[in-house]
Amino acid sequence: MTLPTAGATSMYAGSIKASVPANVLVADLRSDTVTTPTLEMRQVMAEAPVGDDVFEDDPTILELEALGASLSGHEAALFCTSGTMTNQLGIRTLLTSPPHSIVADARSHIFNYEASGVAHHSQALIIPVSPDAGKNHLTAEALARRIIVDDDVHHAPTRVICLENTLGGEVFPYDEMVKISELARKHGIFMHLDGARLWNASAATGIDMKRYCQLFDTVSLCLSKGLGAPIGSILVGSQQNIKKARHFRKMFGGGWRQAGILAAAGIYVIQHHFPRLSVDHANARLLADKLTGLGFTVTRAVETNMVWFDTTSLGVSGDELRDALATRGVRVLGGGVGEQRWVVHHQVTAEAVEVLVAAVGEVLVTRGK
């Protein structure tokens, strides 16, 4: 008997292979986390006034946190190192004592890519929920079937519903989020949003950040993904929740000192990069159109800055594309034959897309010989 091949494979597997020297880099589409600080960003970082954030007297961090609270319509904000940390702090803050559970999209970052942090930090069960057939997002109906609202001793009652917007580059419909929020309130369940790329959703839909954030008790807003800061994420919520999250942050070892130099970059990207996210979205659509022209199949709606496409029709693997494109100054994730993800950001210009697509065309021609 032949046993099936075992082991789940992360989409990040092999991502460090086929490196490209910085001096010949044309574009890096592995993620929007790979951006480097611009000269203007470095300047404001160098000039930022700083203090000690554990003592809550770093003026630049205080300015960033006030900006985050204002943009989200929440009372307070907390500046942290990463989106994973702000997700974990937000969830831990809303949970009081086990047994308890949270529900999350089966494809979500919280469920798949945070090293089982919810189980470790919050002692909570994650109930993964997949969208209903024909849907690319969760619905109130799908969640209503999975949340645990009884007090049976065999169960872990659901205390938090976690959503993610965007997810895989696709925007979560606002009206459906309202319905889910109403479901949660009906059953006394808290709401947390992984809004790492909520900036992109807001830019794509024109829906104000406040309208999105007001549906949730806590929201994680990453600064180092689509916005392009070198590090950082902010958690927003009520004064009480943020005070509690600050305590947990210290317990997790996340307290930091003169981090205003990093907060300055966060302020800069909110003011300068957030307003131009629509350019990244346009370049993603351009890339999708060009890949379609080469014979690839775009597999998901290109609503923001991610392009998902399938290589099966051309029989080329992600690893082949990764290795061949690396010799042409382009970085992408590897993988087998099938669906690939390429991510556009502010350092992938329309001109870079044209160079990239020409390089892909060369790869296909060379491979066909």
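# Briefing: bonds and backbone features in a predicted model

A search of the whole structure finds zero disulfides. The structure is a predicted model. The same kind of search, covering the whole structure, finds 16 salt bridges. The points below take up the cysteines, then several of the charged pairs, and finally some backbone features.

**Cysteines**

- A disulfide is a covalent bond between the sulfur atoms of two cysteines.
- Why is Cys80 not bonded to Cys222? The closest cysteine sulfur to that of Cys80 belongs to Cys222, and because the two sulfurs are 11 Å apart, they are too far from each other for a bond.
- Cys80 counts as buried, since its relative accessibility is 0%.
- Cys162 likewise takes part in no disulfide; the nearest cysteine sulfur, in Cys213, is 15 Å away.
- With a relative accessibility of 4%, Cys162 also counts as buried.

**Salt bridges**

- Side chains of opposite charge can pair when their charged atoms come close.
- Asp132 and Arg145 form one of the salt bridges, and their closest N and O atoms are 2.6 Å apart. This pair links distant parts of the chain, with the two positions 13 residues apart in numbering: Asp132 lies in the loop between strand 4 (125-129) and helix 6 (140-144), while Arg145 lies in the loop between helix 6 and strand 5 (158-164).
- Asp132 is partly exposed, at 27% relative accessible area, whereas Arg145 is exposed, at 55%.
- Arg185 and Asp217 are joined by a salt bridge between their side chains, with an N to O distance of 2.9 Å. Here too the pair links distant parts of the chain, 32 residues apart: Arg185 belongs to helix 7 (residues 174-186), and Asp217 sits in the loop between helix 9 (209-213) and strand 7 (218-222).
- Is Asp217 buried or exposed? Asp217 is buried, because its relative accessible area of 18% falls under the 20% limit. Its partner Arg185 counts as partly exposed, at 38% relative accessibility.
- Arg276 and Asp280 form a further salt bridge through their side chains, at 2.9 Å from N to O. Arg276 counts as partly exposed, at 23% relative accessibility, while Asp280 is buried, at 1% relative accessible area.
- Asp28, Arg30 and Arg331 are joined into one network by salt bridges that share partners.

**Cis peptide bonds**

- Most residues other than glycine have a negative phi, and most peptide bonds are trans. The features in this group and the next depart from those patterns.
- The peptide bond from Pro98 to Pro99 is cis, and its omega is near 5°. Pro99 is located in the loop between helix 3 (83-94) and strand 3 (101-105).
- Asn165 and Thr166 are also joined by a cis peptide bond, with omega of about 0°. Thr166 is placed in the loop between strand 5 and helix 7.

**Positive phi angles**

- Ala115 is a residue other than glycine with a positive phi, near 55°. Its place is in the loop between helix 4 (109-112) and helix 5 (117-122).
- Ala115 counts as exposed, because its relative accessibility of 76% is over the 50% limit.
- Where does Gln123 lie? Gln123 lies in the loop between helix 5 and strand 4. Its phi is positive as well, near 50°, although Gln123 is not a glycine.
- At 56% relative accessibility, Gln123 is classed as exposed.

Key:
Residues are numbered from 1 along each chain as its sequence is written. This is a predicted model: local features need pLDDT of at least 70, side-chain atom pairs count only at pLDDT 80 or more; totals for chains, interfaces and linings use all residues. Side-chain values use heavy atoms; hydrogens and water are left out. A salt bridge is a side-chain nitrogen of Lys or Arg within 4 Å of a carboxyl oxygen of Asp or Glu. Helices (H or I, at least four residues) and strands (E, at least two) are DSSP runs, numbered from the N terminus. Buried means under 20% relative accessible area, exposed over 50%, partly exposed in between (1.4 Å probe, protein chains only). A disulfide is a pair of cysteine sulfur atoms within 2.5 Å.
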